[in-house]
Amino acid sequence: MTLLEINALTLRIGAAEILHDVSLAVEAGRITAVIGESGSGKSMTAYCVNQLLPRGAVAGGQVVFDGQDMLVLDEPALCQIRGRDIGMVFQEPLSALNPVQTIGAQVAETVLIHRAAKKPEAMRIARETLNRVGLPEGEFPLNRYPHELSGGQRQRVVIAMAIALRPKLLIADEPTTALDVTTQAQIMALLKRLVVEDGMGLLLISHDLGVVAGVADHIVIMQTGRVVEQGATADIFKHMQHPYTKALFKASSHVPERAARPADTPILEVRDLIRDYTLPRTSLLGAAPKFRAVSGVSFTLSKGESLGLVGESGCGKSTLTRAILGLEAIQGGSISINGVAVTAGHAVPRALRRNMQVVFQDPYGSFNPRHKVSRLVAEPFHLLDDPPKGAARQAAITHALEAVGMQAADSDKYIHEFSGGQRQRIAIARALIIKPELIILDEAVSALDVSIRAQILDLLAELQSRLGLSYLFISHDLGVVRAITDRVLVMKAGQIVENGKTEDIFNNPTHPYTQALLAAAPKLEEMIK
Amino acid sequence: MLRFILKRLLSLGLSLIAASVVIFFAIEIIPGDPARLMLGINATQDAVDALRSQMGLDQGLLPRYWLWVSGLVQGDFGISYTYRVPVAEMVQGRVWVSLPLALYALGLSTLIAFPIGILAASRRGTWADWLVMGGTQLGIAIPNFWFAMLAVSLLAIKYRLFSAGGFPGWEDPFLAIKALTMPAFVLALPQASILARVMRSALLDTLSEDFMRTARAKGRTVRGALVHHALRNAMIPVLTILGLQFSFLLAGAIIIEKIFFLPGLGSMIFTAITQRDLIVVESVVMLLVFAVIIVTFIVDITYALVDPRLRRRP
């Protein structure tokens with residue numbers, strides 16, 4: 001039976017047309033996945049279903065849910081349906097929960113709003129639902145607050161809120177994008193189980209083909225507000241028609257051509273590195289307890305080599321990065337750059353710092369919005385004793401921008417005038433401008449759409465072979481790491497648990513943790529075969 | 001939570017000690033001999049010396065600090081240099097004007113600010129929002145002594161609803177409250193304007209949070225989501241401002257006290273400073289600091305009640 005049928009849906013916000021003629025359907029007990037890049041209108045399509053649209057949005061066409069057209073219902077009627085018949089799960093589990101209410105109260109709220117039960121009964125339903133989503137009674141009492149839970153656990157609470165009244169339809173908007181690979185696999189398995197148990201329809205929104213490929217019954221591909229292709233999952237994978245679908249698949253598993261051959265001379269040598277954080281005191285007089293974020297890490301990065309660093313959030317990979325960059329003091333071991341060692345208690349000298357630069361994950365947050373691109377790109381000049389001035393400075397900026405495929409004229413613009421992919425190019429230009437030998441890429445492509453990601457990976461490969469750069473490539477995305485690195489370090493709880501050639505590790509992981517990581521990672525290529 | 005309260009209490013005690021040291025020594029540094037001032041320029045050196053030893057001024061700094069502090073703890077604030085009466089008595093009469101006035105003004109300010117702040121935030125961009133924003137802008141810009149004079153000439157002189165000034169004492173609570181109403185209202189207006197704007201912007205920030213969308217997806221109405229999810233989250237900045245305003249109202253009402261002829265702490269401390277009655281200044285300032293520290297303590301505890309994330313941090 002068709003639970004949800006969207007017919008010729010259009011949406012405009014002010015003068016902008018966001019959706020054009022979108023049609024799709026969700027069956028009870030089935031999963032329909034909507035795939036698209038940012039700006040494709042996939043999330044807006046989802047919000048049209050339960051009518052949680054931004055102010056000034058006008059929808060046209062039909063959204064028939066359970067026999068009624070949601071577009072003609074008035075607000076009180078919609079409030080009755082939301083939460084009771086249609087549940088919703090969001091992308092950001094960190095901010096989707098009210099920080100000042102207990103998880104029990106927030107799950108029970110769904111029941112109470114719809115007057116489905118009195119308070120004690122609502123709390124009992126909340127308890128039962130939390131148990132169902134894998135948050136058992138002993139460990140997760142109802143009076144826990146969201147900040148006491150991890151990202152994956154919070155997402156389970158959000159799911160519990162959405163399914164507390166056993167709705168007919170569940171909408172999940174990028175439910176695993178903010179989570180680690182192993183958590184992602186668990187959440188997807190949970191959603192799949194709930195669909196089967198409750199006979200619920202699931203409208204799954206995602207940018208990641210790999211994530212949905214294993215669970216969806218039906219796939220809808222969207223581009224710039226239109227559905228370009230849809231069909232049963234197996235059919236789509238076997239006989240994709242539309243060029244955009246093909247391009248999307250190709251970009252998702254893109255492997256850049258890499259010509260660089262690593263030399264034998266090391267550029268970065270880390271020996272027995274220790275980084276402790278001081279925690280708040282527990283008693284007035286006793287010494288403050290310490291948390292060892294990086295514990296005896298050793299590795300070598302050769303000139304012209306790409307070294308991957310993978311691990312889940314909290315494993316210490318970002319701390320390690322900051323220690324190498326000299327942004328944080330180390331408590332033990334040494335970091336050598338070009339043979340010059342820095343040990344605990346010493347700051348990294350400027351002369352060494354100018355050999356390395358960093359590109360961060362967030363292309364939106366890592367620039368000062370009030371500065372022009374020329375000033376942003378020229379920032380690393382402060383590391384030079386004699387930075388270029390006047391025409392020489394302008395020439396250096398132009399050169400760096402052109403190296404990443406931008407133009408000289410872009411230096412006069414502000415950062416908000418650029419897209420995410422362009423911003424990441426500017427971030428790379430900023431790293432290149434003082435001609436460093438080592439670039440640390442901290443989740444540098446994680447926030448980008450797959451097609452943009454493929455372009456940036458190509459750019460990185462090209463820059464590496466042309467300039468002989470070394471990369472330390474930190475990512476939670478195993479597919480990307482496999483595509484661009486020569487060797488991989490696997491990090492867990494502050495230690496390197498496995499270290500070896502990329503292909504060897506991906507084909508024959510020896511440490512159980514590496515095996516678990518690889519097993520959880522979505523495998524798109526196998527799906528296509 | 002208990003641990004949190006104990007920690008805050010400890011820091012409250014330390015703040016008080018630090019404040020008493022600073023106040024005592026700051027006032028000691030100010031030049032001028034109170035004994036000489038009390039007796040006039042024609043007094044003999046012997047008479048001045050006798051008075052100095054009578055007041056304990058000939059002792060060292062530390063013994064005098066100790067005497068002052070131990071006196072404060074027992075409610076003995078010393079004897080006023082000018083009036084020769086215990087400071088505690090002088091203060092007591094004044095506190096029962098200033099404290100009710102501050103609380104009254106704060107209550108009015110909250111009663112005005114909360115509804116209009118919430119209204120402006122929930123109707124953002126409509127005429128109601130414009131009206132609130134414009135009105136509060138005026139409320140902040142216009143000095144409150146002007147409001148005070150306006151209130152006196154309209155409500156007291158023209159319509160004779162209130163008396164123009166003075167305070168009848170607390171024998172008849174109704175009359176006392178009536179006498180405080182105009183000054184409290186005048187004091188509350190600028191405070192309410194600030195508070196309403198803070199309320200509006202804090203609420204607007206909260207309304208755009210993801211969890212508000214979650215609440216709507218659960219089936220909450222717009223109003224239900226605002227009441228059940230937004231208000232409590234918007235309280236932190238509002239509480240901060242409320243705490244600051246109370247401290248200000250307690251002693252900062254001097255102009256209003258003058259206009260309405262109220263015997264409050266503000267006018268007393270002003271007179272004491274001009275008369276170099278340092279023991280009064282010291283004691284009243286210490287009392288005000290004590291009040292501010294207590295208010296800060298209460299605000300801190302309320303923070304933790306409002307937001308569980310703050311309970312773990314000391």
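Is A:Glu109 buried or exposed? A:Glu109 is buried, with a relative accessible area of 5%. That puts it under the 20% cut-off for burial. The model is predicted, and every value here is computed from it.

**A:Glu109 and its helix**

A:Glu109 is found in helix H3 of chain A. Leaving aside residues up to four places away in sequence, A:Glu109 touches A:Gln101, B:Lys218, B:Arg220 and B:His229. With B:Lys218, the side chain of A:Glu109 meets in a salt bridge, 2.6 Å from N to O.

H3(A) is mostly covered. Nine of its eleven residues are buried. Among them are A:Ile103, A:Gly104, A:Gln106, A:Val107 and A:Ala108. A:Thr110, A:Val111 and A:Ile113 are also on the buried list. After H3(A) comes A:Arg115, which has a positive phi near 50°.

**The contact between chain A and chain B**

Chain A puts 28 residues into the contact, and chain B puts in 22 residues. Together the two chains bury about 2,400 Å². Carbon and sulfur atoms carry 53% of that area. Three salt bridges are counted between chain A and chain B. The interface also holds 16 residue pairs in polar contact, both residues being at pLDDT 80 or more.

Which elements give two or more residues to the side of chain A that touches chain B? They are helix H2 (75-81), strand S6 (86-89) and helix H3 (103-113) of chain A. H3(A) gives the most, with four residues. By class, this side of chain A has 13 nonpolar, ten polar and five charged residues.

**Salt bridges within chain A**

Over all chains, a search of the whole structure finds 31 salt bridges. Three of those within chain A are set out below, with the burial of each partner.

| Acidic residue | Basic residue | N to O distance |
|---|---|---|
| A:Glu75, 35%, partly exposed | A:Arg82, 1%, buried | 3.2 Å |
| A:Asp85, 12%, buried | A:Arg84, 33%, partly exposed | 3.2 Å |
| A:Glu269, 25%, partly exposed | A:Arg271, 34%, partly exposed | 3.5 Å |

The percentages are relative accessible areas. A:Arg82 counts as buried because its 1% relative accessibility is under the 20% cut-off. Its partner A:Glu75, at 35%, is partly exposed. In the A:Asp85 and A:Arg84 pair, the acid is buried at 12%, whereas the arginine is partly exposed at 33%. For A:Glu269 the value is 25%, and this residue is partly exposed. A:Arg271 is partly exposed too, at 34%.

Salt bridges can also share partners. A:Arg132, A:Arg166, A:Arg193, A:Glu197 and A:Asp198 are joined in this way into one network.

**A buried strand in chain A**

Strand S16 (residues 356-359) of chain A has residues pointing two ways. A:Met356 and A:Val358 point one way. A:Gln357 and A:Val359 point the other way. All four of these residues are buried. S16(A) runs parallel to strand S17 (residues 438-442) of chain A, and four bridges join the two. In S17(A), A:Ile440 is the bridge partner of A:Val358.

**An exposed leucine in chain B**

Where does B:Leu244 lie? B:Leu244 is in helix H10 (residues 222-251) of chain B. With a relative accessible area of 56%, B:Leu244 is exposed, since exposure is set at over 50%. B:Leu244 and B:Gln54 are 190 residues apart along the chain. Their C-alpha atoms are separated by 40 Å.

Key: Residues numbered from 1 in each chain as written. Chains lettered and ligands numbered in written order. Predicted model: local features only at pLDDT ≥ 70, side-chain atom pairs only at ≥ 80, totals over all residues. Heavy atoms only, no water. Contact = heavy atoms within 4.5 Å. Buried area = accessible area lost by both parts, 1.4 Å probe. Salt bridge = Lys/Arg side-chain N within 4 Å of Asp/Glu carboxyl O. Polar contact = N/O pair within 3.5 Å; in protein donor to acceptor, adjacent residues only side chain to side chain. Nonpolar A, V, L, I, M, F, W, Y, C, P; charged D, E, K, R; others polar. Buried < 20%, exposed > 50% of the residue type's maximum accessible area, 1.4 Å probe, protein only. Pairing = 2+ DSSP bridges.
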